[in-house]
Structures are given as structure tokens and as C-alpha cells.
Amino acid sequence: MSDTEVPFRILPQLTDLNRGFWTGGAAGELRFLRCQDCGYYNHPPTPICPRCHSKRLESEAVSGTATLHTYTVNHQPWMPGPELPYVIGIVEIPEQDGLRLTTNIVNCPLDDLRIGMPMRVTFEHHPDPDGDVYIPLFEPAE
Ligand SMILES: [Zn+2]
């Protein structure tokens, strides 16, 4: 996706906890905060691992593959932004049971959408003076 055709989005404020997630796309990587003691992927990120209470959390890349858990097609112009209709999806990340991401599904005709279909991450680059943001979106893997 080239920088000239990215839709308007309200960008996240980068923090030490979420920076890896929102900027990993610069390296083509989908990254989550991961506990260095028990290996749990902690998303949305919190300062303490919800499983073992460790504070040793680091941003780590996953494969970038996913399956489509569920989706809805939005026809309502809630805000200036993506062309209508667009697809809001929840994808399941294979690295951990229950690790899911709410995202937009792109590059897929609506009639081709199927729950359980294999997806892969793609990034939408938003240059920003406070730090470039790469929004992780998902598209069909084939
Ligand atoms: Zn842990």
C-alpha cells in the first residue's frame, strides 16, 4: 500500500508499552509484548504479565499469519476515513490460544470472506511527526 492512498485514521498515541506493536511494520513484523518469564503474549499490552505477574516484557515478532475468527461489513460512515463498505474483523493469531486482534480485512472481495480463512498481516504506513505508525491490517493469505 503506497503512502499516497492511505485513508485518514485516528492514530494511536505511542507509549513504551505499545510502540513495538504500532511500529513493527517498519520491519514488516507483527509484534506483541511478550513475557520473558512465562512466554505469554500480552495483548492489549499491560505493564505486568497477567499470567505470572512478571514485569519483564519485551516486544517480539510473531509469524504474521492468522485465521479469520469473525467479521462484519461496515456501511456506515462513522468518521471521515476508509472507503465504504469496509470490513472489521477479529483475527486469531496462531502463536497463542485466544490471542486475537481487531483489525480491518483488506484486499478481499466481500463475497470471498469466510470465517476460518487463512490471513496474513499487511501494514498501512502513516508518517507522523511523533513517530511513524504502521497499522496492522489483514488480507487473505492466498
Ligand atoms: Zn508471564
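**Zinc site, sheets and aromatic cluster**

In this predicted model, a zinc ion is coordinated by the SG atoms of four cysteines, Cys35, Cys38, Cys49 and Cys52, at 2.3 to 2.4 Å. The angles among the 4 donor atoms of the zinc ion span 102 to 115°, and the site is accordingly assigned as tetrahedral. For reference, the ideal angle at a metal with four tetrahedral donors is 109.5 degrees. Along the chain, the donors of the zinc ion follow the spacing C-x2-C-x10-C-x2-C. Within this set, Cys38 and Cys52 link distant parts of the chain, since Cys38 lies in the loop between strand E1 (30-35) and strand E2 (41-42), whereas Cys52 lies in the loop between E2 and strand E3 (57-62), 14 residues apart. With regard to solvent, Cys38 counts as partly exposed because its relative accessibility is 26%, and Cys52 likewise counts as partly exposed, at 33% relative accessibility.

The strands named in connection with these loops belong to an open sheet of 3 strands, arranged in the order E2-E1-E3 with antiparallel pairing. E2 and E3 stand at the edges of this sheet, each with a single partner strand, so one side of each is left without a neighbour in the sheet. E1 and E3 run antiparallel and are joined by 6 bridges, and in this pairing Arg34 has Glu58 of E3 as its bridge partner. In general, strands of a sheet pair through backbone hydrogen bonds, either parallel or antiparallel.

A further set of pairings involves strand E7 (residues 118-126), which is mostly covered, with 7 of its 9 residues buried. Strand E4 (residues 65-74) runs antiparallel to E7 and is joined to E7 by 3 bridges; here, the bridge partner of Thr67 is Pro118 in E7. E7 also pairs with strand E8 (residues 133-140), in the antiparallel sense and over 8 bridges, and the bridge partner of Glu124 in E8 is Ile135. The hairpin of E7 and E8 has 6 residues between the strands, and in this hairpin Gly131 takes a positive phi near 125°.

Aromatic contacts were examined next. The structure holds 3 aromatic pairs. In one of them, the ring centres of Phe21 and Trp22 are 4.8 Å apart and the ring planes stand at 80°, so the pair is edge-to-face; both Phe21 and Trp22 are buried. In another, the rings of Phe21 and Phe32 have their centres 5.8 Å apart and their planes at 40°, so this pair is tilted. The pair of Phe21 and Phe32 links distant parts of the chain, with Phe21 in helix H1 (residues 19-23) and Phe32 in strand E1, 11 residues apart. Phe21 is assigned as buried because its relative accessible area is 9%, and Phe32 is assigned as buried because its relative accessible area is 1%, buried being defined as under 20% relative accessible area. Ring pairs link Phe21, Trp22, Phe32 and Tyr41 into a cluster. Strand E1 thus recurs in this account, because Phe32 of the tilted pair lies in E1 and E1 is also joined to E3 by 6 bridges.

Conventions:
Residues are numbered from 1 along each chain as its sequence is written. This is a predicted model: local features need pLDDT of at least 70, side-chain atom pairs count only at pLDDT 80 or more; totals for chains, interfaces and linings use all residues. Side-chain values use heavy atoms; hydrogens and water are left out. Donors are N, O and S atoms within 2.8 Å of the metal (3.2 Å for Na, K and Ca); water is not among the atoms, so sites may look incomplete. Four donors count as tetrahedral if all angles lie between 85 and 135 degrees; four count as square planar and six as octahedral if opposite donors are over 155 degrees apart and all others between 65 and 115; anything else is irregular. Helices (H or I, at least four residues) and strands (E, at least two) are DSSP runs, numbered from the N terminus. Buried means under 20% relative accessible area, exposed over 50%, partly exposed in between (1.4 Å probe, protein chains only). Two strands pair if DSSP finds at least two bridges between them. Rings of Phe, Tyr and Trp (its six-membered ring) pair if their centres lie within 6.5 Å; planes under 30 degrees apart count as stacked, over 60 as edge-to-face and the rest as tilted.
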